[in-house]
Structure formats: C-alpha cells, structure tokens
Amino acid sequence: MSKTESAAWHKDIAHVVHPYSNLDAHATRGPTVITRGEGCYVYDEHGKRYLEGMSGLWCASLGFSEQRLVDAAVKQLHTLPYYHLFNHRSHPPGIALAEALTAVAPEGLNHVLFANSGSEANDAAVKLVWYYNNLLGRPEKKKIISRLYGYHGVTVASGSLTGLVHVHRDFDLPLPSVRHTDCPSHYHFGLPGESEAAFTQRITDNLEQLILKEGPETVAAFIAEPVNGSGGVIVPPAGYFERVQAILKKHDILFIVDEVITGFGRTGRMFGSETYGLKPDMMTVAKGLSGAYQPISGLLLTDAIHDALKAGSRKHGAFAHGLTYAAHPVAAAVALETLNVYRDRDIVGHVREVAPYFLEKLDALAGHPLVGQVRGVGLLAAVEIVADKAARKPFDPSAGMGAWIQNRAMAYGVIVRAIANCVALCPPLISERSHIDELVGGLARALDDALAHARENKWL
C-alpha cells in the first residue's frame, strides 16, 4: 500500500462513528439506553424494540435470553463464585473449559491461557512471543507485523497491533516494535485494471519485502484476523493466506490468528481458521466463547510454545504472568455451557444453512445507487456506501453518511453499525430467515432514505 493510499483511507476512517470517538456529538443527544433483551431483539428504556443486527458488539452469538447460560451462571455462583489460578490452584469449571476448548480448536492448539477480553488475549500473545524468543536465545527477534485496518484491541500492545489511526492518535501508539503491512482489500486498494490475483501477489510480495527490509532475524510474529472486523469486514482474496503462510514459514515467523470475531461459528465453520485453511501458532478467542454472557477470553498455544514456557518456568522459578479474574469460575462455567449449546443445537450447521440466504438478500442491495460493494462470509457482512459507484468514491466524511444510515436504520427498528464508508452486519447465530428479512429490509429502507437525503443536499 502506498503512502498516498494509506493517507486517503486513514482520512476517511478517521471520521467514523466509533464507541470511543465523536463523544461530544453523542453527548448532545444522549445515549440509547437498552434495558432488556429477548432472542435476537433488544428494547430501549421507552419500550422500542430493535433487531440486534450486530449481536451487540459482534458477540451475542446466542441472542439475549439463553436460559441455559443463565442457569450455568447461577449454579456456579451458588457453588464457587470465585477462585483464581495462581500458586498451583485451579477449579473444575476452568479445567473443564480448557479441555473443551482445546478439543474443538484447530489441530495443534493444545493449551490455553485465559484472560477477560480480546484485547487482553492479544496483549498476552505479544508478551509471550517476546518471552518465547528470549527463551530461545533470540533477543533481537521481537518485531510484530500487523495489517492496516486490522483490529486487535485497545490496550497498549493490542492497540499498537490495531491498524486504525483513531486508536493510535494522541495515545503515543503504536509501540516501536510493531509494523503494519497492506490491508487485503482489492476493492479499496487494487490498482486500476489490477486483477484480484495480481493484487494478492503484490501485497504479499510487499509483506515479504517488509520482512527482508526489517531483517527476518528481527521479525517474531504476524497477526491477522481471518476476516477484518472493525476495519470494515474485509474478506480476504483467494490465495492470500496461502501465500502469507508460506512467507511466514520461510522466515520462521509465528502466525497469530485473531478469532475474537470469527470464532465459534461466525463464518460457517467453528473457526475462521478452518474456513480459510489457516494453521496458527497462537490463536486468540473471546466474544462468542461465552456468547457475551460473561467476559472471558483465551490465548491458545501449540505444544512447542507451551514447552518453551515450561522451560522458562524452570529457569525463573515461576511463570510470572496472570490475571485475578482469568478463567473466573462463573465465566468459565458459562463459556463451557456455551460450547455445549453450540454442539447440542448444531449452531455451526445452522449458520451454514441460513448464511446463503443472508448473503443473497444483501447481494440484492448491490444495485442500489449508494451501494458500491456487498461482501461477507457466514453471518458476517458489510455494505459499502459510495457517492459514485463507477469510481468507488465515498461520500465526503463531513456528510456523515454512514452514521446517518445507521441512525435511520434504528428508526426502522434494526441495529447495524457504520464503519468508515460501510455498514456492517453481524446478526446472532440463532437468526432465522424472518430475522434476516427484517434486518435487510430495515437497512434497505434506510438506504432509500439516505439516497433522498443525499440528493436534497446535492451530494450526488
């Protein structure tokens, strides 16, 4: 990606409506206060019902009234409401969850380090990559490559990995050891006349050139989401990850896969790694791990990395990393029951059944004057909003078109999310065709209103 391309995209994305941006504008009208949820719906303080087309924040995979998860939490609260994993202690829910999670994880990920959020899990990945290379006698091999418009969290390390300018601005991020490479979006960054295959070749060549420029002996890991989530729901082009993984293997670089959004059925397989043929050395999970009913996350590791950590414990007398609430018994019990629900109800199979209908309904919007592209996989998608379809030209950020469409959709009782120049959709995995009809129908009405709004303002 050229500096010009990067600057242009950063300029556009710097104005998006985000949970931690544009606070003054939101303060003038106050928040929408959500008071309860039921199935795929939530209700505000005035009793208005909304179809939650974003699963909250990409996470309420089983909707908002799964009694089995409530019962699991209550039972655990009555039994052991808290305990920790320090000083050779453990507890049954934590042990059972570790066994269940590694049993369904991609092959080779046989160990898990628990935390409370996706940000913490990715933060731990960075820390363990550094620790691992120190233990192997490679103190210079510490740099981590992420991608522009990837999202990995907002802590100091995970926020550095995130490739979004508003996460860095005035926070003194990213850290000096983090590098960013191209976003794999042919739609946004393909050169005029460049095929998707040529684009994939070019950006993966750029990745290898970056590694060679930095020195392979200094590059420790590469991190990527199977599908970029908060960076605009970017679906990777064919062949992209095959070439990336070959480059990483060639230069002895660890592959960290961030499955915080794509894990647990979102793409139509249990993990996005299975959808795209990824073989991670580390994998982070959160969100769908507990269906969002409790805060919990995990960092899954291979035997090779785990063995190095054990060697470090022998060297130092302890593994000096841990969190007070890691694998909290209530969170672990809920997460374990969530995995049981996925299995018992064949949630992944259900996603494979309804996803084609979801994407077909969205594809029908492609002919709309404001829609430049529809993209997605499983029950995860985005609709690109443009002022000029042929030129792929977005609206000027000052128009706030994405936010306008998001708010208009809420007026029609559906929740979507504006991200830069697209509208993202991530409905609960339990969604039926009727929910999809309602969701896409509400968005279509909002798009029609946005078209009239743009014409009134002479933006077209």
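This passage looks at how aromatic rings pair up, and where charged groups meet them, in a predicted model.

A good place to start is the set of ring pairs, which comes to 10 aromatic pairs in total. One of them joins Tyr-149 and Phe-189 in a stacked arrangement, with 5.9 Å from centre to centre and 15 degrees between the planes. The two partners come from distant parts of the chain, 40 residues apart. Tyr-149 belongs to the loop that runs between strand E5 (143-147) and helix H7 (156-161), while Phe-189 is found in helix H9 (residues 186-189). Tyr-149 has a relative accessibility of 0% and therefore counts as buried. Phe-189, at 4% relative accessibility, is likewise classed as buried, because the cut-off for that label is under 20%.

A second pair to visit is that of Phe-222 and Phe-255, which is tilted: the planes make an angle of 40 degrees and the centres are 6.0 Å apart. Here strand E7 (residues 219-224) supplies Phe-222 and strand E8 (residues 254-258) supplies Phe-255, so the contact ties together parts separated by 33 residues in sequence. Both Phe-222 and Phe-255 are buried. These two rings also have company, as Phe-222 and Phe-255 form one aromatic cluster with Tyr-240, Phe-241 and Tyr-276.

Charged side chains meet aromatic rings as well. The charged end of Arg-36 sits over the ring of Tyr-43, at 3.8 Å from the ring's centre. Turning to Tyr-41, the residue lying over its face is Arg-49, 3.8 Å from the ring centre.

How values were computed
Residues are numbered from 1 along each chain as its sequence is written. This is a predicted model: local features need pLDDT of at least 70, side-chain atom pairs count only at pLDDT 80 or more; totals for chains, interfaces and linings use all residues. Side-chain values use heavy atoms; hydrogens and water are left out. Rings of Phe, Tyr and Trp (its six-membered ring) pair if their centres lie within 6.5 Å; planes under 30 degrees apart count as stacked, over 60 as edge-to-face and the rest as tilted. Helices (H or I, at least four residues) and strands (E, at least two) are DSSP runs, numbered from the N terminus. Buried means under 20% relative accessible area, exposed over 50%, partly exposed in between (1.4 Å probe, protein chains only). A charge sits over a ring if NZ of Lys or CZ of Arg is within 6 Å of the ring centre and within 35 degrees of the ring normal.
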